[in-house]
Amino acid sequence: MLKKINQLPAGMFLVPMVVSMVLISIFPNMYDRFGGTSQASFQMGTPVVIGLLVFAAGTSLDLKQIVPLLKRHLPMILFKLFWSSLLIYFYYLAFGSQRIFGISLLSFACVIYSLNPAVALAIHSSYGDQRFGAVYGIFGILGMSFTPLILLSLLTADGGAGGIDWNPIISIFIPLIVGMSLGNLDPDFADFFTPMIGRLLPFLGWNLGAGMRIQDALASGGSGLLMTLAFFILMLPLIFFDRYVTKQNAGIDGAAIWNVAGMSVANPALIGLTLPETFGDDVVAATAIVMMVCIASSLLSPLVAQKLYQRKETVTKGG
């Protein structure tokens, strides 16, 4: 069975995620029944698993590699930030804060700005840069309410960024710094901890799946499907940017962030709480829409990454 799972795109991540999502959709209170270690390990363990993954990646990072690592990945995150901001700005100019086909400015911004660094980590572990965990924190910022809150505050001229909790942003980098310190102190730490990256992917997938209920996504209805289609089309430039501009990984780096984070499902509520007069009435619908795009993109982006990787390998061998 293990060999068959490994034949699927990011199978050791994707299969546990899908199974966990189906189970939690059928038995929504299955972990509440026992709580304790079971719930902490299989439903609420995402922060722990991500922390360990970032730590393990940090042990393998030579301090001399930081500049080349940023040179590879920073252009992609800056392009994602610029392109998303541009799309949201033009959406606001065209429609303001009104809902169009059930899609509000709040839901549009929360979806377009987001990316799923956990899925990106899984894709890079299979087809990309094993050291991606070292820059996970930079990518992870876009999954939080941080960026859409700032832009929406500026566009609607109401509120500001004063309500942002900076602690989650800072905490992402602490495991990285500890891992880097140990890895540079003694290379044997890297040899010991680096294999942990692949071993933890099933746990990451399972915990992420436990936060995705199919019925919550279906509550978005046609608006969710429309937003999902719009997201995939509007974010295609990520793949093209990687393939033809940075020329780093044949589009795979773009496909790795062609998705929406599970943590972004909470963003409409957080932004609605900060800017209640503008977005308070849009929170429920926006939350369902973000969940729909999160599930669809988490399934599709690994498939696209695998296809791009296979094409890359074919061209390499043919050349």
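A residue is called buried when its relative accessible area is under 20%, exposed when that value is over 50%, and partly exposed in between. With these words in hand we can walk through the structure above, keeping in mind that it is a predicted model.

The salt bridges make a good starting place, and the structure holds two of them. In one, the side chains of Asp253 and Arg72 meet, with 3.1 Å from N to O. Asp253 belongs to helix α16, which covers residues 252-256, while Arg72 belongs to helix α5, which covers residues 66-95, and this pair links distant parts of the chain, 181 residues apart. Both partners count as buried, Asp253 as well as Arg72.

The other salt bridge joins Asp282 to Arg99, and here the closest N and O atoms are 3.0 Å apart. Asp282 sits in the loop between α18 (276-279) and α19 (283-318), and Arg99 sits in the loop between α5 and α6 (105-113), so this pair ties together parts that are 183 residues apart in sequence. Are the two partners buried or partly exposed? Asp282 has a relative accessible area of 8% and is therefore buried, whereas Arg99, at 41% relative accessibility, counts as partly exposed.

The loop between α5 and α6 also contains Phe101. This residue has a positive phi of about 55° although it is not a glycine, and with a relative accessible area of 67% Phe101 is exposed. Lys247, found in the loop between α15 (236-246) and α16, likewise has a positive phi, near 55°, in a residue other than glycine. Because its relative accessible area is 62%, Lys247 counts as exposed.

We can turn next to a patch on the surface, where Val22, Ile26, Phe27, Ile214 and Leu218 form a nonpolar group with about 450 Å² of accessible area together. Which helices each supply at least two residues of this patch? They are α2, which covers residues 11-26, and α13, which covers residues 214-218. One member of the patch, Ile214, lies in helix α13 and, at 32% relative accessibility, counts as partly exposed. A residue must have over 30% relative accessible area to enter a patch, so the 32% of Ile214 satisfies that cut-off.

Helix α2 also holds Met21, a residue that is buried, with a relative accessible area of 6%. Although Met21 and Gly211 are 190 residues apart in sequence, their C-alpha atoms are 7.3 Å apart in space.

Finally, we can look for enclosed space inside the model. The count comes to one cavity of 30 Å³ or more, and the largest cavity has a volume of about 30 Å³. Its lining is made by Leu53, Ala57, Leu121, Ser125, Asp129, Gln130, Phe132, Gly133 and Ile197. Two elements, α4 (46-59) and α7 (117-127), give two or more residues to this lining. When the lining residues are sorted by type, they divide into five nonpolar, three polar and one charged.

Notes:
Residues numbered from 1 in each chain as written. Predicted model: local features only at pLDDT ≥ 70, side-chain atom pairs only at ≥ 80, totals over all residues. Heavy atoms only, no water. Patch = residues over 30% accessible without salt bridge, like charges linked within 9 Å, V, L, I, M, F, W, Y side chains within 5 Å. Areas by Shrake-Rupley, 256 points an atom, 1.4 Å probe, with all protein chains shown as cover. Salt bridge = Lys/Arg side-chain N within 4 Å of Asp/Glu carboxyl O. Helix = DSSP H or I, 4+ residues; strand = E, 2+ residues; numbered from the N terminus. Buried < 20%, exposed > 50% of the residue type's maximum accessible area, 1.4 Å probe, protein only. 1 Å grid on protein atoms, 1.4 Å probe; cavity = no way out; pocket = protein on both sides within 12 Å on 5 of 7 lines; lining within 4 Å. Points joined across faces, edges and corners; volume = space filled by probe spheres on them. Nonpolar A, V, L, I, M, F, W, Y, C, P; charged D, E, K, R; others polar.
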